[in-house]
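Colleague: I would like a close look at a single part of this model, the sheet and what packs against it. Please take it in order and end with any polar detail nearby in the chain.

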Amino acid sequence: MTALNRVPSLMARAGTASALTLAAVGGSIVIPGAANDASAATLATKALQIAASKKGSPYQWGATGPRRFDCSGLTLYSFKKAGKKLPRTAAQQYNKTRHISARSRRAGDLVFFHSGSNVYHVGIYAGSGKIWHAPHTGTVVKLEKIWTRSVWYGRVN
């Protein structure tokens, strides 16, 4: 009898199982509160992938895709395709997200650029201090390093 074949009987004798043991035998674990975080992560991951797929699309003020975008148009489009509706402008999007600290940010969170209390730009956090965004007239959707500390982060739920 192999060790893996003995796992169910060992689990029955022990009465409890570790996460690794359950994974080894194809079980699952329910963690309170984790479902919302997991679904938010899936949504954010999809939105991030959609934004990245628009690399090179031209910036156009007021455009919401699928071929041209402004900053909030790219975030609106990406999250809509991932299954979540966002408001139109960067400031409205900021007001609809759960505000999080820079230390809590994850790939797929929104990054809001601000001057004082005025939100003027938004992108999707890609990790490693970079965002996918539609910068301004004359540019295209691209991955770029965050260039200022005047940012706030928001998580779409």
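Modeller: What follows goes from the whole chain to the sheet, then to the cores and one aspartate.

The model is predicted. Its protein chain holds five helices and six strands, and, read from the N terminus, the order of elements is α-α-α-α-α-β-β-β-β-β-β. Of the 157 residues, 38% count as buried. Among contacts with a separation of 6 or more, 51% are between residues 24 or more positions apart. The accessible surface is about 9,300 Å², and carbon and sulfur atoms account for 54% of that surface.

The six strands form an open sheet in the order 1-6-2-3-4-5, with antiparallel pairing. Strand 1 (98-100) and strand 5 (142-145) are the edge strands, each pairing on one side only. On average, neighbouring strands of the sheet are turned by 45° against each other, direction ignored. Within the sheet, strand 3 (residues 118-127) pairs with strand 4 (residues 130-133) in the antiparallel sense, over three bridges. Here Tyr 125 is placed opposite Ile 131 of strand 4. Helix 4 (residues 71-82) packs on the sheet and touches strand 2 (110-115), strand 3 and strand 4. The direction of helix 4 makes about 50° with that of strand 3.

Helix 4 also takes part in the largest nonpolar core. That core has 24 residues, and Phe 79 and Leu 110 touch the most other members. Two or more residues each come from helix 3 (34-53), helix 4, helix 5 (90-96), strand 2 and strand 3. Leaving aside residues up to four places away in sequence, Phe 79 touches Leu 43, Ala 44, Ala 47, Lys 84, Leu 86, Gly 108, Leu 110, Ile 124 and Val 156. There is also a second, separate core of eight residues, among them Val 111, Phe 113, Ile 146 and Tyr 153.

The polar detail concerns Asp 70, which lies in the loop between helix 3 and helix 4. Asp 70 counts as buried because its relative accessibility is 7%, and the cut-off for buried is under 20%. The side chain of Asp 70 makes a polar contact of 2.8 Å with the side chain of Arg 88. Not counting residues up to four places away in sequence, the residues that Asp 70 touches are Tyr 59, Gln 60, Trp 61, Gly 62, Ala 63, Arg 88 and Ala 134.

Definitions and conventions
Residues are numbered from 1 along each chain as its sequence is written. This is a predicted model: local features need pLDDT of at least 70, side-chain atom pairs count only at pLDDT 80 or more; totals for chains, interfaces and linings use all residues. Side-chain values use heavy atoms; hydrogens and water are left out. Helices (H or I, at least four residues) and strands (E, at least two) are DSSP runs, numbered from the N terminus. Buried means under 20% relative accessible area, exposed over 50%, partly exposed in between (1.4 Å probe, protein chains only). Contact means heavy atoms within 4.5 Å. Accessible areas come from the Shrake-Rupley method with a 1.4 Å probe; for residues, only the protein chains shown count as cover. Two strands pair if DSSP finds at least two bridges between them. Axes are lines fitted to C-alpha atoms, for helices over the stretch in contact, and angles run from 0 to 180 degrees between N-to-C directions. A nonpolar core is a set of buried Ala, Val, Leu, Ile, Met, Phe, Trp, Tyr and Cys residues joined through side-chain atoms within 4.5 Å. A polar contact is a pair of N or O atoms within 3.5 Å; within protein, one must be able to donate a hydrogen and the other to accept it, and residues adjacent in sequence count only if both atoms are side-chain atoms.
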